[in-house]
Amino acid sequence: MTLLVLTGLLTGPPAAAQTGMASERNVKVAYLYNFLRYVRWPPTAYADDSAPTVIGIMSGDPHGRLLNQVAATKSVRGRRIVVRQFDSVSEIQACHLVFLHAGTAPSDEAEAIARTAQQNALLICDAVVAPQRGVPIRFFADHDGTIGLKINVDAMARRGLQADAKLLNIATIERD
C-alpha cells in the first residue's frame, strides 16, 4: 500500500476500504506504474537513452483506459511510457512490462510466460484458477480483501530483472 500512496495515483481511502471494479482497477494500475519504478531492467532492455518504457496489454483489457491516462501524464526514470495493445498473445513483442488481466485464458498465460521470458519482459498476471510456474509477479486477493502481490524471485532473475527491496517488502516471495 505504501507504494500506491507514494505515486499520488490514489487519492481515496486505502484498498481495503475501496469497493467496486473501478477502485480495483485503480489499485492495479497504480501497482503497474510502481513496478516500472521499483524494478530494474538490464541495460540491453532499451535501444538507447531516449527509448520509451513500453507496457503491453491485450486488446479489450479493462485497465487500458487508466493505463493510457498514466502513460499520458507520467514518466519513469526520465523515459516516457507507451501502452501497446495486442490482439493475441502471439503478437507480444518489444515490451518492458506485460499485464494479463483476469480474463486471460490459462493457455494464453502459458504462451505469454514463454514469450515474455525470451524478451526479458516483466510479466504480471491477475489471479487465475491455477497459477503457472514462471510468472514474475501475480496479483491475488489477500485474506482481508486487499490486493496482494506474489513475486517469484527466480522468474525475475531468469529474466535479468531486479526488484527493489521496497517492492519485495510488500509482497509474498515465491521461488520456483
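Visitor: Which residue's side chain does a polar contact of 2.9 Å join to that of arginine 138?

Guide: Keep in mind that this is a predicted model. Start from arginine 138, which lies in strand S7. Its side chain makes a polar contact of 2.9 Å, and the partner at the other end is glutamate 109.

Visitor: Is arginine 138 buried or exposed?

Guide: Buried means under 20% relative accessible area. Arginine 138 has 7% relative accessibility, so it counts as buried.

Visitor: Okay, over to helix H4. Where do the buried residues of H4 fall, seen down its axis?

Guide: H4 covers residues 106-118 and has 13 residues. Glu109, Ala112, Ile113 and Thr116 are the buried ones here. Look down the axis and they fall within an arc of 110°, so they line one face of the helix.

Visitor: And which residues are exposed on the other side of H4?

Guide: We've just seen Glu109, Ala112, Ile113 and Thr116 buried. Swing around to the other side of H4, and the exposed residues there are Ser107 and Gln118.

Visitor: At about what angle to S6 does H4 run?

Guide: Strands S5, S6 and S7 are among what covers the buried residues of H4. The helix lies across those strands, and its angle to S6 is about 165°.

Visitor: Let's look at the sheet. Which are its edge strands?

Guide: Eight strands form an open sheet with mixed pairing, in the order S3-S4-S2-S5-S6-S7-S8-S10. An edge strand pairs on one side only, and that picks out S3 (75-76) and S10 (172-174).

Visitor: How many residues of S2 are buried?

Guide: Check the two faces of S2 in turn. One side has Thr53, Ile55 and Ile57, the other has Val54, Gly56 and Met58, and all are buried. That makes S2 mostly covered, with a buried count of six of its six residues.

Visitor: In which sense do S2 and S4 pair, and over how many bridges?

Guide: Two spots show how they line up: threonine 53 stands opposite isoleucine 81 in S4, and glycine 56 has arginine 84 as its bridge partner. Helix H3 (residues 64-73) lies across both strands. The S2 and S4 pairing is in the parallel sense, over six bridges.

Visitor: Which residue in S5 is the bridge partner of isoleucine 57?

Guide: S2 also pairs with S5, again in the parallel sense, over three bridges. Find isoleucine 57, then hop across to S5, and you land on its bridge partner, phenylalanine 99.

Definitions and conventions. Residues numbered from 1 in each chain as written. Predicted model: local features only at pLDDT ≥ 70, side-chain atom pairs only at ≥ 80, totals over all residues. Heavy atoms only, no water. Helix = DSSP H or I, 4+ residues; strand = E, 2+ residues; numbered from the N terminus. Expected span 1.5 Å × (residues − 1). Buried < 20%, exposed > 50% of the residue type's maximum accessible area, 1.4 Å probe, protein only. Arc of directions from axis to C-beta. Contact = heavy atoms within 4.5 Å. Polar contact = N/O pair within 3.5 Å; in protein donor to acceptor, adjacent residues only side chain to side chain. Pairing = 2+ DSSP bridges. Axes fitted to C-alpha atoms, helices over the stretch in contact; angles between N-to-C directions.
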